[in-house]
Amino acid sequence: QQQQQQQRAASVSSKLKRPNLVVDMERRAEEQRHVHEKRKALQRQREEQRQQEKQEAEEAKRLAEEEEQARFLAERRERGREEQRKRAQRLVRLAQDREMWRQAQRLWESNMFA
């Protein structure tokens with residue numbers, strides 16, 4: 001592209017017989033435009049990279065939060081099951097204690113009235 005522009009500038013300058021100073025100034029201006037465009041493209045590229053990294057970081061954060069929430073819910077369910085198991089064991093012990101008390105009472109009553 002730059003070479004084509006230089007050729008055009010050269011052909012225009014040869015047709016018009018413009019001074020070398022003008023041709024050099026135009027060439028430098030074109031080079032500066034080219035450098036400016038390169039810098040702008042690089043800046044755009046860097047900004048796109050930053051945006052992509054930002055999105056990736058947000059996605060990683062979201063996934064970590066989801067995993068933490070899932071872990072929290074699993075722990076809460078496990079605690080609920082454990083509490084339920086302990087209540088059931090306590091009720092079983094209570095029922096066994098009552099049954100033993102009834103048997104003891106029957107035995108006592110049978111011995112008292114025998």
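## Salt bridges along a helical model

The structure holds 10 salt bridges, where a salt bridge is a side-chain nitrogen of Lys or Arg within 4 Å of a carboxyl oxygen of Asp or Glu. This is a predicted model, in which local features need pLDDT of at least 70 and side-chain atom pairs count only at pLDDT 80 or more, while totals for chains, interfaces and linings use all residues. Residues are numbered from 1 along each chain as its sequence is written, and side-chain values use heavy atoms, with hydrogens and water left out.

Let's start with the overall picture. The protein has 2 helices and 0 strands; both kinds of element are DSSP runs numbered from the N terminus, with at least four residues (H or I) for a helix and at least two (E) for a strand. Of the 114 residues in the protein, 3% are buried. Here buried means under 20% relative accessible area, exposed over 50%, and partly exposed in between, with a 1.4 Å probe and protein chains only. The protein exposes about 10800 Å², and carbon and sulfur atoms supply 52% of that area, computed by the Shrake-Rupley method with a 1.4 Å probe.

Now for some of the pairs themselves. Side chains of opposite charge can pair when their charged atoms come close. The table lists three of these contacts.

| Salt bridge | Closest N to O distance |
|---|---|
| Glu30 and Arg33 | 2.6 Å |
| Glu59 and Arg62 | 2.5 Å |
| Glu66 and Arg62 | 2.3 Å |

Glu30 and Arg33 are separated by about one helical turn because they sit 3 residues apart in helix 2 (residues 20-112). Arg33 has 44% relative accessibility, so this residue counts as partly exposed.

Arg62 appears in two rows, paired with Glu59 and with Glu66. Glu59 and Arg62 lie 3 residues apart in helix 2, about one turn of the helix. Glu66 and Arg62 are also in helix 2, 4 residues apart, which is again about one turn. Relative accessibility is 36% for Glu59, 36% for Arg62 and 43% for Glu66, so Glu66 counts as partly exposed, as do Glu59 and Arg62. Elsewhere, Asp24, Arg27 and Glu31 are joined into one network by salt bridges that share partners.
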